Amino acid sequence: MTILHLDASITGENSASRAISRSIVDQLKSGTYSEVIYRDLTANPLPHLTLDAFADTSVLDEFLDADAIVIGAPMYNFTLPTQLKSWIDRVLVAGKTFRYGENGPEGLAGGRRVIIALARGGIYNAGSPAASLEHLETYLRGVFNFMGIEPEFVAADGLNIGPEQREQSLKQALGETVRLAA
Ligand SMILES: Cc1cc2nc3c(=O)[nH]c(=O)nc-3n(C[C@H](O)[C@H](O)[C@H](O)COP(=O)(O)O)c2cc1C
């Protein structure tokens, strides 16, 4: 069983999303998953999509070959880093991961687990003043739902509110990863 592990944060060792995604992978490895393919989308960025790049299916094949996909996803400017968007541009492919059937869009990539480590500087819970600016979790849920996958999320929020809040939020998120091994 193979895990595809992706990171997209620019902050290296200080990154919360990287720490959480690593912890998720460690938890999965203690279960039935043995092989890990790691893609650091910041160290080795995929270029913006072009028609030629779209014809290359290596990133898509790597996604479809994985049994679980673990993604470190920081919030940048209310949404995902463009590094991660470039990856999504290569896996959301009509006829491969979704199709338009008689009843509308149908996901074709179900049967694999997707776990996403979210790291956000602020708070975007339903009812909070910034809730309408949350385009990271909602976007990623929509993208994976479109491909027939219900993603699982582990979130660290309010990371830039202050050092105490950051420590507490990160600790809570890392603690939550323990349940994912089941
Ligand atoms: C370029 C940039 C843009 C950011 N934009 C937002 C934002 O729109 N909303 C927010 O809540 N936090 C924002 N932040 C804060 C990050 O979400 C926060 O620092 C988080 O910890 C980033 O994940 P990381 O620790 O894995 O790098 C931004 C940070 C950076 C570097």
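Student: Gln 83, Leu 84, Ser 86, Trp 87, Ile 88, Arg 90 and Val 91 are the buried residues of α4. What makes a residue "buried"?

Tutor: Its relative accessible area has to be under 20%; over 50% is exposed, and anything in between is partly exposed (1.4 Å probe, protein chains only). Before we go on: this is a predicted model, in which local features need pLDDT of at least 70 and side-chain atom pairs pLDDT 80 or more, while totals for chains, interfaces and linings use all residues. Residues are numbered from 1 along each chain as its sequence is written, and side-chain values use heavy atoms, leaving out hydrogens and water.

Student: Why is Arg 90 called buried?

Tutor: Its relative accessible area is 9%, and the limit is under 20%, so Arg 90 counts as buried.

Student: And what makes α4 "mostly covered"?

Tutor: Seven of its ten residues are buried. Those buried residues pack against β1, β2, α2 (51-55), α3 (58-65), β3 and α5. Helix α4 (residues 82-91) also lies across β1, β2 and β3, at about 145° to β3. That angle is taken between N-to-C directions, on a scale from 0 to 180 degrees, with axes fitted to C-alpha atoms (for helices, over the stretch in contact).

Student: What makes something a helix or a strand here?

Tutor: Both are DSSP runs, numbered from the N terminus: H or I over at least four residues for a helix, E over at least two for a strand.

Student: Which residues does Arg 90 touch, and what counts as touching?

Tutor: Contact means heavy atoms within 4.5 Å. Leaving out residues up to four places away in sequence, Arg 90 touches Leu 46, Pro 47, His 48, Leu 49, Ala 53, Val 59 and Leu 60. Its side chain also reaches the backbone oxygen of Pro 47 at 2.8 Å.

Student: What about Thr 2 and Glu 35: why is theirs called a polar contact?

Tutor: A polar contact is a pair of N or O atoms within 3.5 Å; within protein, one must be able to donate a hydrogen and the other to accept it, and residues adjacent in sequence count only if both atoms are side-chain atoms. The side chains of Thr 2 and Glu 35 come to 3.4 Å, so the pair makes the cut. Thr 2 lies in strand β1 (residues 2-7), and with a relative accessible area of 14% it is buried.

Student: How do you know that Leu 4 is buried?

Tutor: Leu 4, also in strand β1, has 1% relative accessibility, so it counts as buried. Its contacts beyond four places in sequence include Ile 37, Phe 63, Val 70 and Trp 87. Leu 4 and Ala 66 are 62 residues apart in sequence, but 5.8 Å apart in space, C-alpha to C-alpha.

Student: What makes β3 and β6 a pair?

Tutor: Two strands pair if DSSP finds at least two bridges between them. Strand β3 (residues 68-74) and strand β6 (residues 113-119) have seven, in the parallel sense, so they qualify. In one of these bridges, Gly 72 is partnered by Ala 117 in β6.

Student: Why are β2 and β7 at the edges of the sheet?

Tutor: The open sheet has five strands in parallel pairing, in the order β2-β1-β3-β6-β7. β2 (35-40) and β7 (152-156) each have a single partner strand, so one side of each is without a neighbour in the sheet.

Student: Why is the pair Tyr 100 and Phe 146 called edge-to-face?

Tutor: It's one of four aromatic pairs in the structure. Ring centres must lie within 6.5 Å for Phe, Tyr and Trp (its six-membered ring); planes under 30 degrees apart are stacked, over 60 edge-to-face, and the rest tilted. Here the centres are 6.4 Å apart and the planes are at 70°, so the pair is edge-to-face. Tyr 100 is in strand β4 (residues 98-101) and Phe 146 in helix α5 (residues 137-146), so the pair ties together parts 46 residues apart in sequence.

Student: Are those two residues buried or exposed?

Tutor: Tyr 100, at 59% relative accessible area, is exposed, while Phe 146, at 29%, is partly exposed. Together with Phe 98 they form one aromatic cluster.

Student: What makes Arg 112 sit over the ring of Phe 63?

Tutor: The rule asks for NZ of Lys or CZ of Arg within 6 Å of the ring centre and within 35 degrees of the ring normal. Arg 112 lies over the face of Phe 63 at 5.7 Å from the ring centre, so the distance fits the rule.
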